[in-house]
Amino acid sequence: RQFKEGNVSFANVEVFSIDEYYPCDRNSTQSRNHRLHAEFLDQVDVRKENIHIPDGSIPKEQISDYCAEFEKLARGLDLLVIGVGEGGQVGFNEAGSSERSQTRTVPLSYQSRKRQARNFNGDLTVTPKTAITMGIGSIMRAKKIVLIATGESKAEAIKATVEGEVTPHCPASILQQHDDVTIFLDEAAASLLKK
């Protein structure tokens with residue numbers, strides 16, 4: 001709305017997305033980033049060359065080099081806005097992800113695939129088994145992080161993230177070690193917090 005009213009421009013903004021299914025056609029409506037384009041990027045004046053979204057169509061023999069290049073581009077983000085999964089995932093960093101992990105391909109757990117199947121007409125058999133994700137180390141290099149969680153289904157993950165021990169079993173808990181994190185929750189997501 002602010003852009004349409006002429007109050008703000010995104011011409012000098014560079015945008016990164018932290019994950020994408022792999023393999024996945026970047027123009028598919030099933031892409032993790034389809035809504036990002038449809039509801040934001042295609043509506044404002046961000047220059048195409050300033051949009052960096054993991055490309056799920058990269059051939060397997062090139063994916064390692066591609067992830068390394070994406071990692072270099074994404075260093076030193078000013079602001080990172082992320083959500084948290086029901087198991088404490090950030091991006092597609094599943095339980096056990098190293099706090100030093102970088103942009104890479106990762107296998108998706110059965111539970112993650114089951115949740116993501118909603119984007120594939122509920123069909124688990126066609127839901128990707130892997131994804132490209134920025135790693136925890138990549139995420140932690142952002143200057144400021146905003147974490148958003150809503151709904152009762154996120155309450156356990158938020159409790160572990162905010163009040164639990166820092167552990168790779170809850171990748172989002174590693175955010176406790178970042179100098180500048182702001183967390184926005186609704187009442188349901190915050191319902192198990194004690195402090």
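Modeller: A salt bridge is a side-chain nitrogen of Lys or Arg lying within 4 Å of a carboxyl oxygen of Asp or Glu. The structure discussed here is a predicted model.

Biologist: How many salt bridges does the structure hold?

Modeller: Side chains of opposite charge can pair when their charged atoms come close. Counted with the 4 Å limit, the salt bridges in this predicted model number ten.

Biologist: Which residue does K72 meet in a salt bridge?

Modeller: K72 lies in helix α2, and its partner is three residues away in that helix, so about one helical turn separates the two. K72 counts as exposed, with a relative accessibility of 55%, while the partner, at 45%, counts as partly exposed. The N to O distance is 3.4 Å, and the partner of K72 is E69.

Biologist: How many residues apart in sequence are the parts that E71 and R141 tie together?

Modeller: The side chains of E71 and R141 meet in a salt bridge with an N to O distance of 2.1 Å. E71 lies in helix α2 and R141 in the loop between α4 and β7, so the parts tied together are separated in sequence by 70 residues.

Biologist: Is E71 buried or exposed?

Modeller: Buried means under 20% relative accessible area. R141, the salt-bridge partner of E71, has 30% and is partly exposed. E71 has a relative accessible area of 4%, so E71 is buried.

Biologist: Which residue forms a salt bridge with K144?

Modeller: K144 sits in strand β7, and its partner is in the loop between α5 and β8, 36 residues away. K144 is partly exposed, with a relative accessible area of 27%, and the partner is also partly exposed, at 31%. The closest N and O atoms are 3.1 Å apart, and the partner is D180.

Biologist: Where on the helix α2 do its buried residues fall?

Modeller: The buried residues of α2 are I63, Y66, C67, F70 and E71. Seen down the axis of α2, these residues fall within an arc of 140°, so they line one face of the helix.

Biologist: Which residues are exposed on the other side of α2?

Modeller: A residue counts as exposed when its relative accessible area is over 50%. The buried residues of α2 are covered by elements including β1, β2, β3, β5, β6 and α4. On the other side of the helix, the exposed residues are S64, D65 and K72.

Biologist: What covers the buried residues of α5?

Modeller: In α5 the buried residues are A155, A157, I158, T161 and E163. Their cover includes two strands, β7 and β8.

Biologist: What is the volume of the largest pocket?

Modeller: Rolling a probe the size of a water molecule over the atoms shows where empty space is left. The largest pocket is lined by 47 residues, and D19, R32, V81, I82 and G83 lie nearest its centre. By class, the lining holds 19 nonpolar, 16 polar and twelve charged residues. The volume of this pocket is about 1600 Å³.

Biologist: Which element gives the largest share of the lining of the largest pocket?

Modeller: At least two lining residues come from each of β1, β2, α1, β4, α3 and β7. The largest share is five residues, and the element that supplies them is β4.

Biologist: What is the volume of the second largest pocket?

Modeller: Its lining is made up of seven nonpolar, eight polar and five charged residues. The elements α1, β3 and α2 each supply at least two of the lining residues. The volume of the second largest pocket is about 360 Å³.

Biologist: Which residues are closest to the centre of the second largest pocket?

Modeller: This pocket is lined by 20 residues. The closest to its centre are R26, H37, I51, I53 and P54.

Biologist: How far apart in space are A117 and I51?

Modeller: A117 lies in the loop between α3 and β6, and at 5% relative accessibility A117 counts as buried. Leaving aside neighbours within four places in sequence, A117 is in contact with G122, D123, L124 and T127. A117 and I51 are 66 residues apart in sequence, and from C-alpha to C-alpha their distance in space is 26 Å.

Technical notes
Residues numbered from 1 in each chain as written. Predicted model: local features only at pLDDT ≥ 70, side-chain atom pairs only at ≥ 80, totals over all residues. Heavy atoms only, no water. 1 Å grid on protein atoms, 1.4 Å probe; cavity = no way out; pocket = protein on both sides within 12 Å on 5 of 7 lines; lining within 4 Å. Points joined across faces, edges and corners; volume = space filled by probe spheres on them. Helix = DSSP H or I, 4+ residues; strand = E, 2+ residues; numbered from the N terminus. Nonpolar A, V, L, I, M, F, W, Y, C, P; charged D, E, K, R; others polar. Buried < 20%, exposed > 50% of the residue type's maximum accessible area, 1.4 Å probe, protein only. Arc of directions from axis to C-beta. Contact = heavy atoms within 4.5 Å.
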